[in-house]
Amino acid sequence: MKNLWLATCAFIAVTGAAEAKTVVINASKLIEVETGKVVDKPSVMIVEGRIAAVGAQGQLNVPADAELINLPEVTLLPGLIDMHVHLDNDPTYGGYTGLQFTDRFWGIMTVPNAEKTLKAGFTTVRNVGAGDYNDVGLREAIDEGVVKGPRVVTAAMSFGATGGHCDSTYFPPSFQSKNPYNADSPAEGVKSVRALKKYGAQVIKICATGGVFSRGTTPGGQQLSYEEMKAIVDEAHMQGLKVAAHAHGASGIRDAVRAGVDTIEHASLVDDEGIKLAVQKGAWFSMDIYNTDYTQAEGAKNGVLEESLKKDRDIAEIQRQNFKKALKAGVKMVYGTDSGVYPHGDNARQFAVMVRYGATPLQAIQTATVNAAQALGQEKDVGSLRVGHYGDLIGVKGDPLTDVTVLEKPAFVMKGGEVVAK
């Protein structure tokens, strides 16, 4: 308790928070996600949006004017992190059906999608690809307090090779539709990184292989060369940005890891060499092993092309078995769901699938907390309930260390010391 008190005093001194807004949350239990330790009758004090102290109820020096929130029968965890979302996507408009709307429609759609995601307990997300800088505008609006949503790490527009998964592949030549950031050489890749950073990208998202929801591409086919990816990664890292690579196919995964990509998205068809490389290089895998359940049940009636549905069916179980294999081999995992392929707000449904395919409940929770925070480079701000972190918390009824499905319906959500849902 002495160390806790010293940390509390130091935090308040640094923030100058003697008269700052203070919120104290009392709950039944708290899970220290770093170790899985369960703390009984915890009290969390938040000053000016950050955690100032964590201790036993009745043992903190609580200011008289502090706001008290009592949550009996609730277990507290850090706010969750989804490392792969598309907030300007809506799965009910698949295939060509989205063409009935103007381009600006999708920017507006980010607003309700962001609020649904936040209320579901995901207080931080990484948006890995959006049209027309929709995610950047959303982040700015959230940060300004204009709309409600999670903390958003923005990739802006993802890019890859001409004709590849990140290009516009649904139209004939007469439409002249293409991704303006297509990179068909190392030099073009460098230029795209610089341009995206200029306009608000906080992470770079590339497409190393074909994909499920693009026309005329195969998930296993490599579309960016090692040399192109290496130039992109080197430039991004020099600019202080991490790189995420959409990569289903084995060769694309291997080259992406060799090139220094920070997170491999999907990793569906990874082979043993790719798993070994990921362990050696410390690359993170973000494997969206839930969303096929929704796509196969609802995709056809939502307009998703049969070509995409077939590709999804073909790789779904392979991806899940490879998740199990990679996890067992020691590949570092983060929680990424591809939200937007299925409805926003259902992000937590993937926890149960992860447990079904080999993760312990604690491992699954760690992918969406401490692991994700580390992969973002934000481990001092999010993903934990330690002193100094943002006051981002969720509360659930039940024990998520034995039943992760309780995470699907949080009883309490707080972001930055402000109650979002209770």
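Is Thr110 buried or exposed? Let me open with that residue, keeping in mind throughout that what we have in front of us is a predicted model. Thr110 sits in helix 2, which runs over residues 104-119, and its relative accessible area comes to 3%. Because the limit for calling a residue buried is under 20%, Thr110 counts as buried. If we set aside the neighbours within four places in sequence, the residues in contact with Thr110 are Leu87, Asp88, Asn134 and Leu138.

A second residue of this kind is Phe351, which belongs to helix 10, residues 350-356, and which is buried with a relative accessible area of 0%. Again leaving out neighbours within four places in sequence, Phe351 touches Leu80, Phe122, Tyr335, Ala364, Ile365, Ala368, Val404 and Leu407. I would also point you to Glu408, since Phe351 and Glu408 are separated by 57 residues in sequence, while their C-alpha atoms lie 8.6 Å apart in space.

Let me turn to helices 5 and 6, which are best discussed together. Helix 5 covers residues 226-238, and with its 13 residues it reaches 18 Å from the first C-alpha to the last, close to the 18 Å expected at 1.5 Å a residue. Its buried residues are Glu228, Met229, Ala231, Ile232, Val233, Glu235 and Ala236, and the elements that cover them include helix 4, strand 9, strand 10 and helix 6. As a general reminder for reading such a list, an α-helix has 3.6 residues a turn, so residues three or four places apart point the same way. After helix 5 comes Gly240, where phi is positive, near 80°.

How many of the nine residues of helix 6 are buried? Seven of them are, so that helix 6, residues 250-258, is mostly covered. The seven in question are Ala250, Gly252, Ile253, Arg254, Asp255, Ala256 and Val257, a list that takes in Arg254 and Asp255 alongside Ile253 and Val257. As for what they pack against, the partners are helix 5, strand 10 (242-247), strand 11 (263-266), helix 7 (272-281) and strand 12 (284-286). Just after helix 6, Gly260 has a positive phi of about 95°.

Positive phi values also turn up in residues other than glycine, and I would like to show two of them. Lys41 has a phi near 45°, and it is placed in the loop between strand 2 (37-40) and strand 3 (42-47); with 56% relative accessibility, Lys41 counts as exposed. Gln176, which is not a glycine either, has a positive phi of about 50°, and it lies in the loop between strand 8 and helix 4, where its relative accessibility of 71% makes it exposed as well.

That loop brings me to the cysteines, as Cys166 is found in the loop between strand 8 (151-154) and helix 4 (186-198). The count of disulfides in this model is one, and it joins Cys166 to Cys207 with an S to S distance of 1.9 Å. The link is right-handed, with 45° about the S-S bond. Cys207 is in strand 9, residues 203-207, and the pair, 41 residues apart, links distant parts of the chain. Both Cys166 and Cys207 are buried.

Finally, let me say something about empty space. In the whole structure, the search finds one cavity of 30 Å³ or more, and the space in this largest cavity is about 50 Å³. Among the residues that line it are Pro78, Gly79, Ile81, Thr123, Thr124, Asp381 and Tyr390, and the lining as a whole is made up of four nonpolar, five polar and two charged residues.

The second largest pocket holds about 380 Å³ of space. It is lined by 16 residues, of which Leu118, Gly149, Lys415, Glu418 and Val420 are the closest to its centre. By class, that lining contains six nonpolar, four polar and six charged residues. Which element gives the most to this lining of the second largest pocket? It is strand 16, with three residues, and both strand 16 (418-421) and helix 3 (134-143) supply at least two residues each.

Methods. Residues numbered from 1 in each chain as written. Predicted model: local features only at pLDDT ≥ 70, side-chain atom pairs only at ≥ 80, totals over all residues. Heavy atoms only, no water. 1 Å grid on protein atoms, 1.4 Å probe; cavity = no way out; pocket = protein on both sides within 12 Å on 5 of 7 lines; lining within 4 Å. Points joined across faces, edges and corners; volume = space filled by probe spheres on them. Helix = DSSP H or I, 4+ residues; strand = E, 2+ residues; numbered from the N terminus. Nonpolar A, V, L, I, M, F, W, Y, C, P; charged D, E, K, R; others polar. Disulfide = S-S within 2.5 Å. Buried < 20%, exposed > 50% of the residue type's maximum accessible area, 1.4 Å probe, protein only. Contact = heavy atoms within 4.5 Å. Expected span 1.5 Å × (residues − 1).
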